[in-house]
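Here is a walk through one protein chain, from overall dimensions down to a single residue pair. Keep the 3D view open while reading.

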Amino acid sequence: LTVLPLPTASASVSPTTICSNSSATFTLTGTPNATVTYNINGGANQTVTLNGAGTATISGTYTANTTLNIVSVASAGTPSCVNPQTSSVTLTVLPLPTASASVSPTTICSNSSATFTLTGTPNATVTYNINGGANQTVTLNGAGTATISGTYTANTTLNIVSVASAGTPSCVNPQTSSVTLTVLPLPTASASVSPTTICSNSSATFTLTGTPNATVTYNINGGANQTVTLNGAG
């Protein structure tokens, strides 16, 4: 009596951890020429036949954790021996890190302070630039935030270029978001008088010229402050 051994198969995956939208390869190893029945994440059963060396590969691009479950192995030839198996291997898929930017306040006067806040994946490194200049980096803290404060004299845009997660592998997510701080110029005013010289008890006119609709605080001979509002022509 000839007794054929039951076929076997095992599964592995390489790499074991990837970033979302990256590739990985499941490798089935076992009895040469056997047919392996398996499923992905408990879905519909599929089959693959091992080659003469007893291997088969299943490659793809993955966006979430993926488990390959071996259901059974059937040998080639007659009779075909079927060996039910319940082994599995899991591919860990790391989500891509993210970050967004805000600024407070959103509008300031020139030479005033504002704070840009970056919010996203904890401990991720954010690459950004200011007004399209050289790229810089900042690392978000454990709560997923980082701040960039300064004094600004002109409209300032912070552009997020990419976000890289901490750990291994480090997943890099290119991003193209931005936030703009509006910086208002300081109002100006100057004074003139006509005529510049008069006789006592004569008339003269002081003219204030500057930013339209601005309110000018002034005094006469160092006395109490008074205000006047410039018209639409300044």
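The protein chain has a radius of gyration of 36 Å. A compact globule of 234 residues would come out near 17 Å. This is a predicted model, and that gap concerns the coordinates as predicted. The box around the C-alpha atoms tells more: along the principal axes, it spans roughly 140 × 30 × 25 Å.

Now the surface. About 13,100 Å² of the protein chain is exposed. Carbon and sulfur atoms supply 52% of that area. Of the 234 residues, 30% are buried, where buried means under 20% relative accessible area.

What secondary structure does the protein chain hold? It has 20 strands and zero helices. Contacts reach along the sequence as well. Among contacts in the protein chain with a separation of 6 or more, 54% link residues 24 or more positions apart.

One sheet is worth tracing strand by strand. Strands of a sheet pair through backbone hydrogen bonds, either parallel or antiparallel. Here three strands form an open sheet, with antiparallel pairing, in the order β1-β3-β6. Which strands lie at the edges? They are β1 (9-14) and β6 (55-62), and each pairs on one side only. On average, neighbouring strands of this sheet are turned by 20 degrees against each other, direction ignored.

Look next at the pairing of β3 with β6. Strand β3 covers residues 22-30. Eight bridges join β3 to β6, and the two run antiparallel. To find the register, start from Thr25: its bridge partner in β6 is Ser59.

Key:
Residues are numbered from 1 along each chain as its sequence is written. This is a predicted model: local features need pLDDT of at least 70, side-chain atom pairs count only at pLDDT 80 or more; totals for chains, interfaces and linings use all residues. Side-chain values use heavy atoms; hydrogens and water are left out. Helices (H or I, at least four residues) and strands (E, at least two) are DSSP runs, numbered from the N terminus. The radius of gyration is taken over C-alpha atoms; the globule rule is 2.2 Å times the number of residues to the power 0.38. Buried means under 20% relative accessible area, exposed over 50%, partly exposed in between (1.4 Å probe, protein chains only). Contact means heavy atoms within 4.5 Å. Accessible areas come from the Shrake-Rupley method with a 1.4 Å probe; for residues, only the protein chains shown count as cover. Two strands pair if DSSP finds at least two bridges between them. Axes are lines fitted to C-alpha atoms, for helices over the stretch in contact, and angles run from 0 to 180 degrees between N-to-C directions.
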